[in-house]
Amino acid sequence: MGRRKKVVPRQRNVRGGGWLEWRNGQWLARYVRNGKKLSKMTGTADKAVAEKMLQELSLENRLSDEKRELERIGRIRQIDAQMEEIDEKKHEIALADVYTAFEGSHNRKSCGAGELKQYKCYVTRFVAWMAEKFPDVRVMRQVSADHVERFADALAKDKTPATFNRHILLLKSVWKVLRKTGRLAENPWEDIQKKDAVSQTRRELTVEELVKVSNKTEGEMRILFALGIYTGQRLGDCAQLQWGNVDLVRGIISLMPSKTKRHAQKRVVIPIHQTLFGLLNETPPTRRKGYVIPEIAAQYQRDAAALSNRISEVFHACDIETTVKEEGK
């Protein structure tokens, strides 16, 4: 029998993660990279040297795998961020649509048409201010605490403390209602502090003051003041009076005041004063359709506060103070 060939079994390198095989008088390093089986001749018969080479190859392999895994994780995070951004944009509320979103929200408290008009007025004023001062801010999510603080500063210079507080309260409520819908991180109105308001009450005007005010106005504003003076109705009812409620033949105005319409459903009948009759009769019969003072009605529906400011300006022009401080307050 011939001499038996020496068989060298393949050697696993536990530390390196590959294995060595004896080939043609030298060690062959075998390892796996990216799922593929690879091999490399070490060029040495020294097992220790071959193992060291295999360790280096295995280390390079592990680092490559780790790099690929980190790149995969980074890509996943990038995709997650992109998907989150897309989802945010789906829920973004444009500033121009804030009131519409608020009015249609099932989260808001139930309120009457008059209060909704006030919400609309205040939101419209803030949106217009933002468009003028910060035109690049187009969505609700971009409105910051700094923006609303600057608006509050401007508002405080132009409004009484009570009116200022009302603005902030309603705008804070709007953002609170839409916070979840618009995916807002926070309510920027939360830190705006109320102003200390002096408690005041309206006083009755004298006949001389009423005459003075009437003489100071003209056109639709004069009719508006006359309606207020001679019917005693609130601003909204006077501004939105329709010819269907006016009977010049019988000399009466019949209407259901908006304040009591939701509860009492009680109609009031008011005799038309001679002075008011003369003003109303100036409108030709062919034009007695729709609102009695259409431009005033449109302004009231668009921005009731702006109409109130116009009225206040008339009183100021006549040097008439319409409120007095309540006793003991």
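What percentage of the 329 residues of the protein chain count as buried? I looked this up before anything else and found 35%. I note at the outset that the model is predicted.

**Entry 1. The chain as a whole**

I recorded 12 helices and nine strands in the protein chain. I then turned to the contacts with a separation of 6 or more and found that residues 24 or more positions apart account for 58% of them. For the surface, I noted that the chain exposes about 21800 Å². Carbon and sulfur atoms supply 49% of that area.

**Entry 2. The hairpin of strands 2 and 3**

I examined strand 2 (residues 19-23) and strand 3 (residues 26-33), which run antiparallel and are joined by five bridges. Two residues lie between the strands of this hairpin. In the turn I found Asn24 with a positive phi of about 50 degrees. Trp19 has Arg30 of strand 3 opposite it.

I next checked the charged side chains here. Glu21 forms a salt bridge with Arg23, and their closest N and O atoms are 3.7 Å apart. Is Glu21 buried or exposed? Glu21 is buried, at a relative accessible area of 13%, whereas Arg23 counts as partly exposed at 37%.

**Entry 3. Helix 3**

I compared the expected and actual span of helix 3 (residues 113-133). Its 21 residues, at 1.5 Å a residue, should span 30 Å, and I found the end C-alpha atoms 30 Å apart, which agrees.

I listed the buried residues of this helix; among them are Leu116, Tyr119, Cys121, Tyr122, Arg125, Phe126 and Trp129. Which helices help to cover the buried residues of helix 3? The cover includes helix 2 (98-104), helix 4 (145-158), helix 5 (161-178) and helix 12 (304-317).

**Entry 4. Salt bridges between separate parts**

I counted 10 salt bridges in the structure. One of them joins the side chains of Glu92 and Arg141, at 2.1 Å from N to O. Glu92 lies in the loop between helix 1 (47-90) and helix 2, and Arg141 in the loop between helix 3 and helix 4, so the pair ties together parts that are 49 residues apart in sequence. I found Glu92 partly exposed, with a relative accessible area of 26%; Arg141 is also partly exposed, at 39%.

I then looked up Glu115 and Arg166, whose side chains meet in a salt bridge of 3.9 Å, N to O. Because Glu115 lies in helix 3 and Arg166 in helix 5, this pair ties together parts that are 51 residues apart in sequence. Glu115 counts as partly exposed at 25% relative accessibility, and Arg166 is partly exposed at 27%. Returning to the hairpin residues, I noted that salt bridges with shared partners join Glu21, Arg23 and Arg30 into one network.

**Entry 5. Aromatic rings**

I found a count of 10 aromatic pairs. What is the arrangement of Phe151 and Trp189? The pair is edge-to-face, with 6.1 Å from centre to centre and 90 degrees between the planes. Phe151 belongs to helix 4 and Trp189 to the loop between helix 5 and strand 5 (200-202), and the pair links distant parts of the chain, 38 residues apart. Both Phe151 and Trp189 are buried.

Finally, I traced the cluster to which this pair belongs. Phe126, Trp129, Phe134, Phe151, Trp175 and Trp189 form one aromatic cluster. I note that Phe126 and Trp129 also appear among the buried residues of helix 3.

Methods. Residues numbered from 1 in each chain as written. Predicted model: local features only at pLDDT ≥ 70, side-chain atom pairs only at ≥ 80, totals over all residues. Heavy atoms only, no water. Pairing = 2+ DSSP bridges. Helix = DSSP H or I, 4+ residues; strand = E, 2+ residues; numbered from the N terminus. Expected span 1.5 Å × (residues − 1). Buried < 20%, exposed > 50% of the residue type's maximum accessible area, 1.4 Å probe, protein only. Contact = heavy atoms within 4.5 Å. Salt bridge = Lys/Arg side-chain N within 4 Å of Asp/Glu carboxyl O. Areas by Shrake-Rupley, 256 points an atom, 1.4 Å probe, with all protein chains shown as cover. Phe/Tyr/Trp six-rings, centres within 6.5 Å; stacked < 30°, edge-to-face > 60°.
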